Structure formats: C-alpha cells, structure tokens
Amino acid sequence: MVVDKNLPTSSIKAIKLTLLDDNKYWENVSKIISLLTPIVQLGTVHLAAELLDLKTQGYKLNSNERIDALEFIYELGISMGINVMEDLSNYQSKNEKFAKKFIWENSLLSEPLKWWQFLNHISPLSKVALRILSAPCTSTATERTFSTFSWIHNRREIN
C-alpha cells in the first residue's frame, strides 16, 4: 500500500485499519487471487508439455518440475475420465506400446502433436497429450493481471 510519507503515523494506522476492516477490500483481494491462480497453473502446463515432447521427454526438468508435470498430466487425465498412469510409466521408460522401434524412429521425424495424434487410438495418454500440446499460447491473462496489479499499486491520493 502506498501512502504519502508526510502523513502522521496515526493517520496511516487509521487508513490501514479502515482498509483491513473493509469487506469490499477483501472481496477484491479474493478476486485477484482467483485471477492469478490460472497463471501459476500455466507454468505447470508448460512443464507437462516439455515432458510430453518426444525429443526431450523433459530431461531439462528438475525433480520437482518433473513431479509437477506428472501430477498435472495425471489430474488432467482424471478430469477427462482417462487413467494415464500405466501409459505414462510406459512412455517414460519406453516400455510396452512405446517400445516399438518404429514408434520412436518416427518421433524424431515429426512434431510432438502429430506423433501423439498418430498414437491417438493406441494410447489413452495420447488424448491427454493432445489436449496439453494443442492448448493455444496466449498472454491475455497475464496482461490482464498486470493491468489490475498496476491499478491497485498505483499511488493514489487519500483524502
């Protein structure tokens, strides 16, 4: 909160108490938190996409990022009514369905989205991968958030 430094301390305390007791203020804080939550989740989507990229399979991710990505993929699968755990394990270790040599040879020749489309009827994980990898990239939510943030943290005159 920005307050004029020339105000007496008692006035600053009164202003703070007024704000903290204002229900509308806390309502607005809740709105901002709900606005920022999807942005935090966006980072997890990017981690999941990195994990599902055939060329890297998330090798640049640290252990915490890998866990976040796996958890995101698992939860998205659950929300879509798909159990992806077995396929996710097989994909990571290149076992069973993913063990076929021609599947991995083709992975180096195609884009990840096309590769997962190729496996669409073979692997439940492919449906989740397609959802993640085909998500549109946009900065609209971020721009909206920074606009709100600057509005709140602008120096305002207090009467």
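A nonpolar core is a set of buried Ala, Val, Leu, Ile, Met, Phe, Trp, Tyr and Cys residues joined through side-chain atoms within 4.5 Å. Keep that idea in mind as you go through the views below, which come from a predicted model.

**Figure 1. The whole chain is built from helices.** Start here to get your bearings. The chain has 8 helices and 0 strands, so reading from the N terminus gives α-α-α-α-α-α-α-α. Among its 159 residues, 25% are buried. The surface left exposed comes to about 11,100 Å², and carbon and sulfur atoms supply 57% of that area. How much of the contact count comes from residues 24 or more positions apart? Taking contacts with a separation of 6 or more, such residues account for 52%.

**Figure 2. The largest nonpolar core holds 23 residues.** In this close-up, look for Leu 52, Ile 73, Tyr 91, Trp 116, Leu 125 and Ile 132, the members that touch the most other members. Several helices take part: helix 2, helix 3 (63–79), helix 4 (85–93), helix 6 (112–118) and helix 7 (124–133) each supply at least two residues. Which helix gives the most? That is helix 7, with 5 residues. There is a general pattern behind such a picture: in soluble globular proteins, nonpolar side chains tend to be buried together.

**Figure 3. Leu 125 and the residues around it.** Here we zoom in on one member of the core. Setting aside neighbours within four places in sequence, Leu 125 is in contact with Leu 52, Ile 73, Val 84, Asp 87, Leu 88, Tyr 91 and Trp 116. Of these partners, Leu 52, Ile 73, Tyr 91 and Trp 116 also appear in the list of core members that touch the most others.

**Figure 4. Tyr 91, Trp 115 and Trp 116 form a cluster linked by ring pairs.** The chain has 3 aromatic pairs in total. In one of them, Tyr 91 and Trp 115 are tilted, with 6.5 Å from centre to centre and 50 degrees between the planes. This pair links distant parts of the chain, as Tyr 91 is in helix 4 and Trp 115 is in helix 6, 24 residues apart. Are these two residues buried or exposed? Tyr 91 counts as buried because its relative accessibility is 0%, and Trp 115 counts as buried at 1%. Next, look at Tyr 91 with Trp 116: their ring centres are 5.1 Å apart and their planes meet at 55 degrees, so this pair is tilted. With Tyr 91 in helix 4 and Trp 116 in helix 6, the pair ties together parts that are 25 residues apart in sequence. Trp 116 is buried, with a relative accessible area of 0%.

**Figure 5. Helix 3 has a buried side and an exposed side.** Helix 3 has 17 residues and reaches 24 Å from its first C-alpha to its last, close to the 24 Å expected at 1.5 Å a residue. Its buried residues are Ala 69, Phe 72, Ile 73, Leu 76 and Gly 77. Why do they lie on the same side of helix 3? They cover an arc of only 130 degrees around the axis, which puts them there together. On the other side of helix 3, Ser 63, Asn 64, Ile 67 and Ser 79 are exposed. A handy rule helps here: an α-helix has 3.6 residues a turn, so residues three or four places apart point the same way.

**Figure 6. Thr 44 and its partners.** Our last stop is Thr 44, in helix 2 (residues 23–52). Thr 44 counts as buried because its relative accessibility is 19%, and buried means under 20%. Leaving aside neighbours within four places in sequence, Thr 44 is in contact with Asp 68 and Phe 72. You have already met Phe 72, one of the buried residues of helix 3.

How values were computed:
Residues numbered from 1 in each chain as written. Predicted model: local features only at pLDDT ≥ 70, side-chain atom pairs only at ≥ 80, totals over all residues. Heavy atoms only, no water. Helix = DSSP H or I, 4+ residues; strand = E, 2+ residues; numbered from the N terminus. Buried < 20%, exposed > 50% of the residue type's maximum accessible area, 1.4 Å probe, protein only. Contact = heavy atoms within 4.5 Å. Areas by Shrake-Rupley, 256 points an atom, 1.4 Å probe, with all protein chains shown as cover. Phe/Tyr/Trp six-rings, centres within 6.5 Å; stacked < 30°, edge-to-face > 60°. Expected span 1.5 Å × (residues − 1). Arc of directions from axis to C-beta.
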